[in-house]
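Me: I'd like to learn to read a model by working through its features. Could you go through them with me?

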Amino acid sequence: MFLCPKCGGETSVNSSRRTLKNNEKRRRQCSACGFKFYTYEILKTEIEQRDFLEKTLENLLYEVNLFRERITSIITTPSLPKDCQDCTENNSGIDL
Ligand SMILES: [Zn+2]
């Protein structure tokens, strides 16, 4: 049972249609607020599911590595404060 994404109320299926790829598209309506939306049921064989998960994992690892490289470059690149041109001068009034 899909709950209404708008109010959380119970929904019913108004119509259902099978697509060319043997998937199913259902038109739903909330019985509380009348909101209409669609849900899709997608057929996946175990092999397709495994391939999908492997590809998803590969993509995630790729994104994680990119993120890790960016973080590493930020951490290892020294950034000077804006007023650092004065850092070499002693403006403290104290003799060093
Ligand atoms: Zn609703």
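Me: Let's start with Tyr-38: in which element is the place of this residue?
Reply: The place of Tyr-38 is in strand 3. Strands are DSSP runs of E with at least two residues, helices are runs of H or I with at least four, and both are numbered from the N terminus. Before we go on, keep in mind that this is a predicted model, where local features need pLDDT of at least 70, side-chain atom pairs count only at pLDDT 80 or more, and totals for chains, interfaces and linings use all residues. Residues are numbered from 1 along each chain as its sequence is written.

Me: Does Tyr-38 count as buried or exposed?
Reply: The general idea is to count other C-beta atoms, placed from the backbone, within 10 Å of the residue's own: 20 or more is buried, 12 or fewer is exposed, and anything in between is partly exposed. Tyr-38 counts as exposed because there are 10 C-beta neighbours inside 10 Å.

Me: With which residues is Tyr-38 in contact, leaving aside its neighbours within four places in sequence?
Reply: A contact means that two C-beta atoms, placed from the backbone, lie within 7 Å. By that test Tyr-38 touches Lys-25, Arg-26, Arg-27 and Arg-28. For a look further along the sequence, take Val-13: Tyr-38 and Val-13 are 25 residues apart in sequence, and their C-alpha atoms are 9.1 Å apart in space.

Me: Which residue of strand 3 stands opposite Arg-27?
Reply: Two strands are said to pair if DSSP finds at least two bridges between them. Here Arg-27 stands opposite Tyr-38. Along the same pair of strands, Lys-25 faces Tyr-40, and Arg-28 has Phe-37 as its bridge partner. Strand 2 and strand 3 pair over 6 bridges, in the antiparallel sense.

Me: In what order do the strands form the sheet?
Reply: The 3 strands make an open sheet in the order 1-2-3, with antiparallel pairing. Strand 1 and strand 3 are at the edges with a single partner strand each, so one side of each has no neighbour in the sheet. From one strand to the next, the twist averages 25 degrees; such angles run from 0 to 180 degrees between N-to-C directions, with axes as lines fitted to C-alpha atoms, for helices over the stretch in contact.

Me: How many bridges join strand 1 to strand 2?
Reply: There are 7 bridges between strand 1 and strand 2, which run antiparallel. Among the partners, Thr-11 stands opposite Cys-30, and Arg-17 is bridged to Lys-25.

Me: What should I look for in the loop between strand 1 and strand 2?
Reply: Check phi there. Most residues other than glycine have a negative phi. Asn-22, in the loop between strand 1 (11-18) and strand 2 (24-30), has a phi near 65 degrees, which is positive. Asn-22 is exposed, because 9 other C-beta atoms lie within 10 Å. Strand 1 and strand 2 form a hairpin with 5 residues between them. Strand 2 and strand 3 also form a hairpin with 5 residues between them, and in that turn Gly-34 has a positive phi of about 85 degrees.

Me: What span should helix 1 have?
Reply: The expected span is 1.5 Å times one less than the number of residues. For the 31 residues of helix 1 (residues 46-76) this gives 45 Å, and the end C-alpha atoms are 44 Å apart, which agrees.

Me: What is the count of buried residues in helix 1?
Reply: Helix 1 is hardly covered, with a count of 0 among its 31 residues. Strand 3 (residues 36-41) also has a count of 0, among 6 residues. Of the 96 residues of the chain, 3% are buried.

Me: Which element has the lowest mean pLDDT, and which the highest?
Reply: pLDDT is the predictor's confidence in each residue, from 0 to 100. Helix 1 has the lowest mean, 91, and strand 2 the highest, 96. The chain averages 85, and 80% of the residues score at least 70.
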